[in-house]
There are 4 protein chains.
Amino acid sequence: MSQLFKLKTDLRVFFEDVDAYQVVHNAKFFCFFERGRLEYLRHLGFVDEGPDCLRNLEVVIAENYCSYKKPAILDDILTVCLRISFMKRSSFQFQYIIIRKNSKELIACGYTTLVCVDRKTLKPTGIKPGVKNAVEKFEGDDLGKNTGIPEIKISDIL
Amino acid sequence: MSQLFKLKTDLRVFFEDVDAYQVVHNAKFFCFFERGRLEYLRHLGFVDEGPDCLRNLEVVIAENYCSYKKPAILDDILTVCLRISFMKRSSFQFQYIIIRKNSKELIACGYTTLVCVDRKTLKPTGIKPGVKNAVEKFEGDDLGKNTGIPEIKISDIL
Amino acid sequence: MSQLFKLKTDLRVFFEDVDAYQVVHNAKFFCFFERGRLEYLRHLGFVDEGPDCLRNLEVVIAENYCSYKKPAILDDILTVCLRISFMKRSSFQFQYIIIRKNSKELIACGYTTLVCVDRKTLKPTGIKPGVKNAVEKFEGDDLGKNTGIPEIKISDIL
Amino acid sequence: MSQLFKLKTDLRVFFEDVDAYQVVHNAKFFCFFERGRLEYLRHLGFVDEGPDCLRNLEVVIAENYCSYKKPAILDDILTVCLRISFMKRSSFQFQYIIIRKNSKELIACGYTTLVCVDRKTLKPTGIKPGVKNAVEKFEGDDLGKNTGIPEIKISDIL
């Protein structure tokens, strides 16, 4: 699997996730992306324990995109592969590919653009230096490359 | 409000729609888009009554995009304005703007690209002629214009 | 329909509400109950406008019960009929019946027991006198009768 | 932890699970119960792989009950402990307690009564002998005891 996407987290498809066509509902993929983001932040040490665990998450979502490749069904184990694809002064972007774990099929890909804000005024603020440094270290030279809709080569998956 | 978006449907934000920041959750907007699509199909006469009401909906979603402009909160009445922006042989696109009804503020905009398929094989099929004709009549000359992320002029909203 | 349930509010079943069996998902009924509670509070004048609209809702849910009678499907219009069945010092109970609007069939019934609390300590507080008086006036002599799982006579529905 | 509840499965609370009060939404607990049921059936060998995995789940839910003890918050690991508390000819009941894994606090308890049905007619059918035998073997002498709202002794949890 592509080393471009440096974090991976697995999830199981539950009955509550599937729709009347017995496939994962289109909106649910954005929840799967969000779970990936939380794991990413946890991996870098920015999720606190207890009721204040949201303290480091002063962001709003600017845009969300998902391209659906194959349906996922009940009980599938999906691997969310994700990376931060760019960081500007106050905005940054997560990029995702979702793979069916056992068959290695590409299920979906997408991205989310977020903006660091002051939660009260909703005005943009700079990304905190501690977060910026940790992401730069984690993503390395790939930061700033291949942004927006992920370009995926078949060799990245199979 | 813009005549480009020829169908409008209102919805109220319920407690189940808002997240820990007390704003509508990012994934929920894709449900709001979907409710708009159902109203659009109903308006054109393609939603049957009873258990077979899904019969005319042999489509899969190819991609979903949402740009978030301002937060929506509990109890807001939102107006989903939508149109079909293009139709090809088997794919077509819905485009949306969501407005806070009482303040006329732009809350979000987005689009969904769908593909008519055979539900069993998931192979693309042509859009049914009856649906195609009804959409062409309803959308008129605007069909095929301003596709993808909606370009919105302030005069379209205020 | 029974005059025991003094408030009624309609809702439409959306695609996001139905599960893989093409019927409303079992957990969703508790959201429908919740929408009914908000309408009840609005009807009595306890829902403020704007971001502070939750200000009068300093309650936690102690228990939730639903009995499922017939499946509801996509596009159904459901009528949530509800009442406050008892009020004690700090706890009170909502009771519901859900009817399919056009066929008058009983779909579900249930109840929710809530407790007024201080949001910070989660300690019970007394029900605010203004709320208590308004509910007593609205419910009249039926308050305190037929609590818990609703006893429903067929004449209440048909 | 009580040996009365013979199956346990852990889950993490995601951002999509919490409400405007930053606690797990009341309806979501019924999804957590449902995830437990699927794990129970998988443990006993009744969840098939692939698109037909629902084949052995020809049941409808008759009633659902949850008693909320303490709030669960984002990122909590919850342990769903569950058992089948009774089996009759066509109906049976799951009973649950949900524990916060690290603190061993009781978060919620509840039950679900289900009925085996023919999916087309919705008429009750007998529980399949293979399922009945497997459950009797798994639950042992506790089957039929302590049904409905679970009676929980503090020693069952701490």
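Welcome to the tour! Start by selecting chain A and chain B together: between them there are 14 residue pairs in polar contact, with both residues of each pair at pLDDT 80 or more. That pLDDT figure is a reminder that you are looking at a predicted model.

**Stop 1: the side of chain A that touches chain B**

Keep both chains on screen and colour the elements of chain A. Two of them, α1 (28–43) and β2 (59–68), give two or more residues to the side of chain A that touches chain B. Of the elements there, β2(A) gives the most, with eight residues. Now colour that side of chain A by residue class: you will find 15 nonpolar, four polar and four charged residues.

Next, select every residue in the contact, which takes 23 residues from chain A and 23 residues from chain B. How much area do chain A and chain B bury between them? The value is about 1900 Å², with 54% of it on carbon and sulfur atoms. To see where much of chain A's part comes from, show A:Tyr21, A:Asn26 and A:Asn64 as sticks; these residues supply 27% of the area that chain A buries against chain B, more than any other three residues.

If you go looking for salt bridges between chain A and chain B, the count is zero.

**Stop 2: two strands side by side**

Select β2(A) together with strand β2 (residues 59–68) of chain B. The two strands pair in the antiparallel sense, over five bridges. For one place to zoom in, pick A:Cys66: the bridge partner of A:Cys66 in β2(B) is B:Asn64.

**Stop 3: turning chain A onto chain B**

Zoom out until both chains are in view. Which rotation superposes chain A on chain B? A turn of 180° does, with 0.0 Å of shift along its axis and an RMSD of 0.0 Å. The two copies are thus related as by a two-fold rotation axis.

To find your way to that axis, select A:Tyr65. Of the residues of chain A, A:Tyr65 comes closest to the rotation axis, with its C-alpha at 2.2 Å. Then compare the contact residues of the two chains: 100% of the interface residues of chain A are also interface residues in chain B, so the copies meet through the same surface.

**Stop 4: chain C and chain D**

Hide chain A and chain B for a moment and bring up the other two chains. A rotation of 180° also superposes chain C on chain D, with 0.0 Å of shift along the axis and an RMSD of 0.0 Å. Select C:Tyr65 here, as this is the residue of chain C that comes closest to the rotation axis, at 2.2 Å for the C-alpha. The contact residues of chain C recur in chain D at 100%, and the same surface serves both copies.

Now highlight the contact itself, made of 23 residues from chain C and 23 residues from chain D. About 2000 Å² is buried between chain C and chain D, and carbon and sulfur atoms give 54% of that area. The salt-bridge rule finds zero across this interface, while the count of residue pairs in polar contact is 14, with both residues at pLDDT 80 or more.

Which elements of chain C should you colour? Choose α1 (28–43) and β2 (59–68), as each supplies at least two residues of the side of chain C that touches chain D. The largest share of that side, eight residues, comes from β2(C). By class, the residues there divide into 15 nonpolar, four polar and four charged.

Add strand β2 (residues 59–68) of chain D to the view, and you can follow its antiparallel pairing with β2(C) over five bridges. Zoom in on C:Asn64, which stands opposite D:Cys66 in β2(D).

**Stop 5: a salt bridge inside chain A**

Bring all the chains back. Over all chains, the count comes to 48 salt bridges. To see one of them, select A:Arg100 and A:Asp76, whose closest N and O atoms are 3.1 Å apart. A:Arg100 lies in strand β4 (residues 91–100) of chain A and A:Asp76 in the loop between β2 and β3 (77–87), so the pair ties together parts that are 24 residues apart in sequence.

Notes. Residues are numbered from 1 along each chain as its sequence is written. Chains are lettered from A and ligands numbered from 1 in the order in which they are written. This is a predicted model: local features need pLDDT of at least 70, side-chain atom pairs count only at pLDDT 80 or more; totals for chains, interfaces and linings use all residues. Side-chain values use heavy atoms; hydrogens and water are left out. Contact means heavy atoms within 4.5 Å. Buried area is the accessible area (1.4 Å probe) that two parts lose on being put together, summed over both. A salt bridge is a side-chain nitrogen of Lys or Arg within 4 Å of a carboxyl oxygen of Asp or Glu. A polar contact is a pair of N or O atoms within 3.5 Å; within protein, one must be able to donate a hydrogen and the other to accept it, and residues adjacent in sequence count only if both atoms are side-chain atoms. Helices (H or I, at least four residues) and strands (E, at least two) are DSSP runs, numbered from the N terminus. Ala, Val, Leu, Ile, Met, Phe, Trp, Tyr, Cys and Pro count as nonpolar, Asp, Glu, Lys and Arg as charged, and the others, Gly among them, as polar. Two strands pair if DSSP finds at least two bridges between them. Copies are superposed by least squares on the C-alpha atoms of residues with pLDDT of at least 70 in both.
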